[in-house]
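User: Hello! Please take a close look at one part of this model with me, and then show how it fits into the wider picture.

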Amino acid sequence: MEAPQYVAARVQSALAEDDRTHELGVRVDVRGDQLFLRGRVGCEERRELIADVAGEAAPGLVVHNEISVVDVREPGGEEKL
Amino acid sequence: MSQLRIAAVGDVHLGEDLRGRYRSRLSGIEEKADVLLLAGDLTRHGTLEEGEVVAEEFRDLPVPVVAVLGNHDHHSDKPAEIATMLKDAGISVLHDDAVVLDVKGVRLGVVGGKGFGGGFAGKCASEFGEPEIKAFVNHTKRIADRWRVALKELQADRRVVLSHYSPVNDTLAGEPLEIYPFLGSYLLAEAVDSEGADLILHGHAHMGTEKGMTPGGIRVRNVALPVLGRAYGVYCLGEDGEDPDHC
């Protein structure tokens, strides 16, 4: 059985290098046959694409997509320096 | 001298799927800020199509816009073309050089560029060994040298450095320690500390922290969109007691 660290590294590389994603800021953890994705992206479509690419890079694992979509709030108060 | 309100954001990673969404958050920016600085990673893949979305999103704003590119904007090997598109849309794009804007009668000098990695003092790569390692470190050194020269020659009342990569590790807190050398370099902070500036802005570290400081005491702000969680941060430069109505 492949060590989970290598599986996680392969998924992370796929997310960075796949033309559909190019996401560098997603955290990937593998525990047994479970794959967890964490991070923040700009929209729901990108969130789903990440799960697709991760699933293709690690077939057979159950993907838990815990990535959240960044809610771009109105600019708040300024900071005086 | 009037106080200046600097709006800044990085890592907006625009693409066709986000067209128009960011622009809607920029309405009324002239009431909140005097200038908008973009800290790189404006696109996701660095394609011309994404560059065009960025140009449209930040075109014709009522405040001047200054940008640097990030590593994502280089991915399709079209950074010069993207920079030209942005310039055609009225956006100043820095590539290890400077621009001076007249804002409310104050000369605001902005120096910067993409920056690069290498790590932080005591835990960094050196220009030693294989040519690939030497090239990596030398790239950052050359950038830092150009920033030092640009700052030395800068004639301005206020001085802001705009980067994509981080000059300090304070603002990386939250990122895995193992990737710090790919997130920035102390050589950038050293160059700025040697010539002085009022503020350094950067992006790149999505899981980092907003506030930090160089060893020389210059305030550093990580304005990556996922860190800010808001359309842009606003930082007010000025002495205490100056123009209190504005900040």
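What percentages of helix and strand does the chain have over residues 3-71 of chain A, and how far apart are the end C-alpha atoms?

Analyst: Happy to look at this with you; please keep in mind that the model is predicted. Over residues 3-71 of chain A, helix makes up 41% and strand 26%, while 36 Å separates the end C-alpha atoms. Those residues are the ones that UniProt, in an unreviewed entry, annotates as "domain: BON".

Chain B has an annotated span too. UniProt lists residues 4-207 of chain B as "domain: Calcineurin-like phosphoesterase", again from an unreviewed entry. That span is 28% helix and 23% strand, with its end C-alpha atoms 28 Å apart.

Now let's see how the two chains meet. On one side 38 residues of chain B take part, in contact with 23 residues of chain A. Together the chains bury about 2800 Å², and carbon and sulfur atoms account for 48% of that area. Five salt bridges are found across the interface of chain B and chain A. A salt bridge links B:R221 with A:E79, whose closest N and O atoms are 2.8 Å apart. As for polar contacts between chain B and chain A, the count is 13 residue pairs, with both residues at pLDDT 80 or more.

Which elements of chain B carry this surface? Two or more residues of the side that touches chain A come from each of β12 (219-222), α6 (225-228) and β13 (233-237) of chain B. Among these, β13(B) gives the largest share, with four residues. By residue type, the side of chain B that touches chain A holds 15 nonpolar, eleven polar and twelve charged residues.

The strand β13(B) also pairs across the interface. Strand β6 of chain A, residues 79-80, is joined to β13(B) by two bridges, and the strands run parallel. Within that pairing, B:Y235 in β13(B) is the bridge partner of A:E79. A:E79 therefore appears twice in this picture: its side chain forms the salt bridge with B:R221, as the closest N and O atoms fall within 4 Å, and A:E79 also has B:Y235 as its strand partner.

Conventions:
Residues are numbered from 1 along each chain as its sequence is written. Chains are lettered from A and ligands numbered from 1 in the order in which they are written. This is a predicted model: local features need pLDDT of at least 70, side-chain atom pairs count only at pLDDT 80 or more; totals for chains, interfaces and linings use all residues. Side-chain values use heavy atoms; hydrogens and water are left out. Contact means heavy atoms within 4.5 Å. Buried area is the accessible area (1.4 Å probe) that two parts lose on being put together, summed over both. A polar contact is a pair of N or O atoms within 3.5 Å; within protein, one must be able to donate a hydrogen and the other to accept it, and residues adjacent in sequence count only if both atoms are side-chain atoms. Ala, Val, Leu, Ile, Met, Phe, Trp, Tyr, Cys and Pro count as nonpolar, Asp, Glu, Lys and Arg as charged, and the others, Gly among them, as polar. Two strands pair if DSSP finds at least two bridges between them. UniProt positions are given in the numbering used here, feature names are shortened, and annotations may be inferred rather than shown by experiment.
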